[in-house]
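Work through the exercises below with the model open. Try each task before reading its solution.

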Amino acid sequence: MLVPVKALPGAKSRLAGLSADADAHARLVRALRDDTLRAAREASGVARLLRIGDSPEVEHDLLQRGRGLNAALAEGARLARERWPTDGVAALVSDLPALTAVELASTLAAAAAQATGFVADAAGIGTTLLTARPGAAFTPQFGPGSAARHGAYATALPAGAGLRQDVDTAADLHAALLLGVGPDTVAALASAIHADGASWVP
């Protein structure tokens, strides 16, 4: 499982307006990631997680080497397939605080029956998960409008609401809160509310 992780302070810039406190923003972004990664680690069907980002602190700093997101994911998949050739590959966005291990496992089980598969985000525009079986083409095309691009060659996979609800804006965060978010996001929001007041609750 490949998980792209963009370094702070640039990550999740559209959420920065929720607070004037840069530290609170950083805590929230990390919490979104940590809750996503926790669910992925606990999901059956996930053999290992490879974080791909633009910081030397990340296991695979492919973005730091001048690659865009899609090229970095493709390179990460190539490296993973060289090391674990019998494994499928998947790319999961890192801002899914309402994701549960059960729903991710269910979608991955469905993905095993498809050469390539994808999950569109809640708006039906972006993509939260892209999968490929061993030997199948893995061609990430994340970015605005990616659901249509992935849908041109991959099968739409069944997915729970937590796997579809990524968080880019305050409205997205509100929608995730209604679904129920993980403990790190809860703690980050509680800390921010204590510091900044109720404006942090969308």
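**Exercise 1.** Is Gly 162 buried or exposed? Place this residue in the fold.

*Solution.* First, the ground rules. This is a predicted model, in which local features need pLDDT of at least 70, side-chain atom pairs count only at pLDDT 80 or more, and totals for chains, interfaces and linings use all residues. Residues are numbered from 1 along each chain as its sequence is written, and side-chain values use heavy atoms, with hydrogens and water left out.

Step 1: apply the cut-offs. Buried means under 20% relative accessible area, exposed over 50%, and partly exposed in between (1.4 Å probe, protein chains only). Gly 162 has 4% relative accessibility, so Gly 162 is buried.

Step 2: find the element. Gly 162 sits in helix α5, residues 161-164. Helices (H or I, at least four residues) and strands (E, at least two) are DSSP runs, numbered from the N terminus.

Step 3: list the contacts. Contact means heavy atoms within 4.5 Å. Leaving out residues up to four places away in sequence, Gly 162 touches Leu 96, Ala 98, Leu 99, Glu 103 and Leu 179.

Step 4: check one distance. The C-alpha atoms of Gly 162 and Ala 175 are 9.8 Å apart, with their positions 13 residues apart along the chain.

**Exercise 2.** State how many helices and strands the protein has, and their order.

*Solution.* Step 1: count. There are seven helices and six strands.

Step 2: read along the sequence. The pattern is β-α-β-α-β-α-β-β-α-β-α-α-α.

Step 3: add the totals. Of the 202 residues, 47% are buried. Among contacts with a separation of 6 or more, 64% join residues 24 or more positions apart.

**Exercise 3.** Describe the largest nonpolar core.

*Solution.* Step 1: define the set. A nonpolar core is a set of buried Ala, Val, Leu, Ile, Met, Phe, Trp, Tyr and Cys residues joined through side-chain atoms within 4.5 Å.

Step 2: find the hubs. The core has 41 residues, and Met 1, Leu 92, Leu 104, Leu 129, Phe 138 and Leu 163 touch the most other members.

Step 3: assign elements. Those giving two or more residues include β1 (2-5), α1 (22-42), β3 (89-92) and α3 (101-111). Helix α3 gives the most, five residues.

Step 4: look elsewhere. Apart from this core lies another, of nine residues, among them Leu 28, Val 167, Val 181 and Ala 188.

**Exercise 4.** Which residues does Leu 108 touch beyond its neighbours within four places in sequence?

*Solution.* Step 1: locate Leu 108. It lies in helix α3. Its relative accessible area is 14%, so Leu 108 is buried.

Step 2: list the partners. They are Met 1, Ser 44, Gly 45, Val 46, Leu 129 and Thr 131.

Step 3: check one pair. Leu 108 and Ser 44 are 64 residues apart along the chain, yet their C-alpha atoms are separated by 8.5 Å.

**Exercise 5.** Where is Ser 94, and what does its side chain reach?

*Solution.* Step 1: locate Ser 94. It is in the loop between β3 and α3.

Step 2: judge exposure. Ser 94 counts as buried because its relative accessibility is 14%.

Step 3: follow the side chain. It reaches the backbone oxygen of Pro 4 at 3.1 Å.

Step 4: list the contacts. Not counting residues up to four places away in sequence, Ser 94 touches Val 3, Pro 4, Leu 32, Arg 33 and Thr 36.

Conventions:
Polar contact = N/O pair within 3.5 Å; in protein donor to acceptor, adjacent residues only side chain to side chain.
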